[in-house]
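Here are my notes on the model you sent over. Have the structure open while you read, since the points go residue by residue.

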Amino acid sequence: MEDSQINRKSDWIPRPFRVLLFVVTTASSAYGGWVDPDTPKEFYQTESLFKGDTREYDLVFSDEFEQEGRTFEDGADPRWTAIDKNDCKEQLSLFPCQDASFYIIGKHSLMDYHLHPFLSKRSSNLSRPKTDTNEALHFYRPQNVQTTQGALNISTIQKSNKYKAFDEEKLQYYADSKHIQSGMVQGWNKFCMTGGIVEFNAKLPGNPDVGGLWPALWMLGNLARATYVGSSNYIWPYSYNVCDEKNRHSQQISACSKVGHYGMQPGLGRGSPEIDILEAMMGSDEKLPNTNVTRPYFSTSLQIAPGLDVNRPNLGKLPKKGYWYEGLEYGNRTQLNPFFYGVTLEHKPKQLTYQSDAISANTHIGKEHFESFHKYRMEWEPPDDDGTGGYLKWYLDDQFLYGILGKNLALTNTEIPSEPMYLIMNTAVASSWGFPIPCPEGCDCSCFKCGDPECICGLPDGFCDNFPAFFAIDYVRVYQARGEPKHELGCSTEKRPTARFIMGHKDDYINKIDGQKEPLLPVQRGGGYCQQSIDCGYPNKGECSSSNKCICFDGYIGPKCLSADGFDDYPPPQEGIKFDQMAFSPVMLLMLAFAVVVFVLFVGIAVLKRRKQAIANYDQLLDTSHIASRFDADDMARAMVQDRDLQQSQPPTYEQGSYQKGGAPNIPMGGANNNPKTVTYCMIDGRLLDDQRNTIA
């Protein structure tokens, strides 16, 4: 399939009739298990903004956030989870905020640069001291994410949170605190998609002229959980299906694997690529080097691995021709992002180190994007089964911004993502994002607390006046092409399973420091405290019982029944042990039948031989029937007496051997004790079996 054109079988139908036919035949089916009942029906279908794509698109997921008072703590919502944790590496093997890995972003330029939320350390050549994950100054709390006035509201406030930190030099824990509290809501392991159209309608937080806030709308492969860095090691942001010695050790699920573990397909490289729909950078609008884009701007990016490990462009400078991805598509308002080309993820031993690339573009935005809602859209076509083709295209208010085609990635043999991916919305605050760099002379730049005179010199101008800040998302809608097999729903699909891998690495997906035992709690259905039925969404969603607990009506869920239920209409089959399809081919069936026949014959022959041997042994027994026929009773008695007298004339003898063989004196019949003995003979069918006597007292 060509990157520039996607055809379908119904192209012969005139477009107006196609649209009418589509609406008539699919209006009812568009209302799926993930579609919010509050979504207006005129948005149940859409068309691609890419002229080369004439397919019809169904609404497969939506959240309008119309219900006031929804909360998103773990177990409260079927679509989203608002995390409750420090933005730190607490899941890793030995130490909560420390690992043998660290990340280098390249040569530092005297300007703001990008560092992704996953990453925990800055390069040693940077002039700011390390604080925490990606210089994160915030602590995520679920109470900072809720619905108000018909929108999802992520609030960022000044509030101190104490937490357990780890000193990487002294190798010991210590008490630390962060003074900014914010929110992240993610759909990890709940709703995932492979291919389609994602559209956010959002209003950005804070003052566009003041740096420090980092609002983001993005997607991540389900094999990694955002901010749970243990889950991303050797997984993020791989989108690579080639077996080579250089990367086989650093890619945990490599195409070099001959055996598929955790339900994975052997020989298929897997990972967790990242698609950034929006990462907004605020600040003053002075001229920036090597670009015409000024702040405020937002970045749209694809982050993948492995990346280029030689001749990499320096931050703040444009790449040399032939040393970066070429053929990328730019809209009139967008230019290459020279401030972030990816990170080097260093591990010990050295062969575990790998490079990631950020293929990114920047678009200038204005004050209106912070005062009203605007549409941020991304269209994603996965590659074909052989990894070729596919594309990503970004739009702002339906205007094209940036495009990456599958063929543009030939430089590293990476692919357009084909992993199930989930949605994330958050506001971070990081000293690496819009803060003064380099650190002003005479300033320590290790303190970031508003109100502390010693910290002011290291903060952006107006930073402390920027709180509280509110990131509002009016809706999230996801569409997929009707009848397109590459477009799938589900976090663990048949082609790209994740469930068993996550189960087998559960500790990487939980916050062990705070005692979390399971990655996600079951979504609660009712049971929340209420005083009146309106607290439970009455009359449509639920009602309040006499015991002051919410009871949910069908189709609604959550402690107070305020969320529409969500589920996959066609869930993938349960992962488990299953036979390869080859096992049921005619050749394999014939081989199996032959093996069964051979086994039955072998067992039958063995049993027959044993029976014949038993009969032969029986026939070899001493045949004394002719003796018995010549003796009458008196003759038999006389023979027994003679035999007894003969034995009495012999001295006792002892057998040598084990306890089981006797090991005790063999006292003849009628020995010194003169006790009478009875001699018995064993005969079967008139034949004497042997001439050994058994004595019975």
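1. Is Arg55 buried or exposed? At 4% relative accessibility, Arg55 counts as buried, because buried means under 20% relative accessible area, exposed means over 50%, and partly exposed is in between (1.4 Å probe, protein chains only).

2. Some ground rules before going on. This is a predicted model, where local features need pLDDT of at least 70 and side-chain atom pairs count only at pLDDT 80 or more, while totals for chains, interfaces and linings use all residues. Residues are numbered from 1 along each chain as its sequence is written, and side-chain values use heavy atoms, with hydrogens and water left out.

3. Now the overall picture. The protein chain has five helices and 36 strands; helices (H or I, at least four residues) and strands (E, at least two) are DSSP runs, numbered from the N terminus. Of its 697 residues, 51% count as buried. The chain exposes about 33900 Å², with carbon and sulfur atoms supplying 54% of that; accessible areas come from the Shrake-Rupley method with a 1.4 Å probe, and for residues only the protein chains shown count as cover. Take the contacts with a separation of 6 or more: residues 24 or more positions apart account for 72% of them. Contact here means heavy atoms within 4.5 Å.

4. Back to Arg55 and its partners. Side chains of opposite charge can pair when their charged atoms come close. A salt bridge is counted when a side-chain nitrogen of Lys or Arg is within 4 Å of a carboxyl oxygen of Asp or Glu, and a search of the whole structure finds 23 of them. Arg55 has one with Asp53, where the closest N and O atoms are 2.9 Å apart; Asp53 is buried too, at 3% relative accessibility. Arg55 also meets Glu484 in a salt bridge (2.8 Å, N to O). That second pair links distant parts of the chain, 429 residues apart: Glu484 is in the loop between strand S25 (469-481) and strand S26 (488-489), and Arg55 is in the loop between strand S1 (45-47) and strand S2 (56-63). Both Glu484 and Arg55 are buried.

5. Another bridge to look at joins Glu329 and Lys393, at 2.8 Å from N to O. Glu329 lies in strand S16 (residues 329-330) and Lys393 in strand S22 (residues 391-396), so the pair ties together parts that are 64 residues apart in sequence. The two ends differ in cover: Glu329 is partly exposed at 26% relative accessibility, whereas Lys393 is buried at 3%. Elsewhere, Asp53, Arg55, Glu381, Asp384, Glu484 and Lys486 are joined into one network by salt bridges that share partners.

6. Which residues outside its own stretch does Thr194 touch? Leaving aside neighbours within four places in sequence, Thr194 is in contact with Trp380, Pro382, Ser418, Glu419, Pro420, Gln480, Lys486, His487 and Glu488. Thr194 sits in strand S11 (residues 193-194) and counts as buried at 4% relative accessibility.

7. On the backbone, a couple of spots deserve a look. Most residues other than glycine have a negative phi, and most peptide bonds are trans. The bond from Trp236 to Pro237 is cis, with omega near -15 degrees, and Pro237 is in the loop between strand S13 (213-221) and strand S14 (274-281). Tyr234, in the loop between S13 and S14, has a positive phi near 65 degrees. The bond from Arg295 to Pro296 is also cis, with omega near -5 degrees. Cys445 has a positive phi of about 55 degrees although it is not a glycine; Cys445 is found in the loop between strand S24 (421-429) and S25, and counts as buried at 2% relative accessibility.

8. Last, the surface. Leu589, Leu592, Val596, Phe599, Val600, Phe602, Val603 and Val607 form a nonpolar patch with about 780 Å² of accessible area together. Patches are made of residues with over 30% relative accessible area and no salt bridge, with like charges joined within 9 Å and nonpolar side chains (Val, Leu, Ile, Met, Phe, Trp, Tyr) within 5 Å. Phe602 lies in helix H3 (residues 586-619) and, at 60% relative accessibility, counts as exposed.
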